[in-house]
Amino acid sequence: QLQLVESGGGLVQPGGSLRLSCSASGFTLDLFAIDWFRQAPGKEHEEVSCISVGGGSTNYAGSVKGRFTISRDNAKNTIYLQMNSLKPEDTAIYYCAAKDYCSDYAPTLHWGQGTQVTVSS
């Protein structure tokens with residue numbers, strides 16, 4: 001299995017911002033839709049956002065809409081998740097995953113180890 005690498009997590013105060021990155025070595029991400037999802041302790045995993053292969057289509061969970069922005073830079077082989085106005089309930093491990101297309105029905109093909117985001121004062 002080829003692996004993705006997430007980075008950019010950390011500790012931030014409520015109202016702050018972070019930008020997560022998802023990259024890969026050894027293969028290109030421009031052939032895949034990329035999904036960001038998160039897992040908080042004691043909670044079900046939640047899909048946060050997804051961006052289509054060409055980047056022309058994006059979708060967001062209602063809990064992050066208007067605060068998070070997903071984008072991709074195929075030249076850098078990287079997908080970003082800009083997170084603004086962070087709330088304590090955004091605290092979770094964030095993962096990126098590669099799929100053929102953005103859909104709950106699309107199987108996850110490759111994924112990473114995750115990056116911790118903690119929102120706390």
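**Note on strands β4 to β6 and the disulfides**

1. In the hairpin formed by β4 and β5, six residues lie between the strands, and G42 adopts a positive phi near 75°. The model under discussion is predicted.

2. The two strands of that hairpin, β4 (residues 33-39) and β5 (residues 46-51), run antiparallel and are joined by five bridges. Across this pairing, F37 stands opposite E47 in β5.

3. β5 also pairs with strand β6 (residues 58-60), in the antiparallel sense and over three bridges. Here S49 faces Y60 in β6 as its opposite residue. The hairpin of β5 and β6 has six residues between the strands, and G55 takes a positive phi near 85°.

4. There are two disulfides in the structure. Counting bonded cysteines along the chain, the pattern is 1-3, 2-4.

5. One disulfide links C22 and C96, with an S to S distance of 2.1 Å. The link is right-handed, with 80° about the S-S bond. C22 belongs to strand β3 (residues 18-24) and C96 to strand β9 (residues 92-99), so this pair ties together parts that are 74 residues apart in sequence. Both C22 and C96 are buried.

6. C50 is joined to C102 by a disulfide with S to S 2.0 Å. This link is left-handed, at -85° about the S-S bond. Because C50 lies in strand β5 and C102 in the loop between β9 and β10 (110-111), the pair ties together parts that are 52 residues apart in sequence.

7. Is each cysteine of the C50 and C102 link buried or partly exposed? C50 counts as buried because its relative accessibility is 1%, under the 20% cut-off. C102, with a relative accessible area of 25%, is partly exposed.

Conventions
Residues are numbered from 1 along each chain as its sequence is written. This is a predicted model: local features need pLDDT of at least 70, side-chain atom pairs count only at pLDDT 80 or more; totals for chains, interfaces and linings use all residues. Side-chain values use heavy atoms; hydrogens and water are left out. Two strands pair if DSSP finds at least two bridges between them. Helices (H or I, at least four residues) and strands (E, at least two) are DSSP runs, numbered from the N terminus. A disulfide is a pair of cysteine sulfur atoms within 2.5 Å. Buried means under 20% relative accessible area, exposed over 50%, partly exposed in between (1.4 Å probe, protein chains only).
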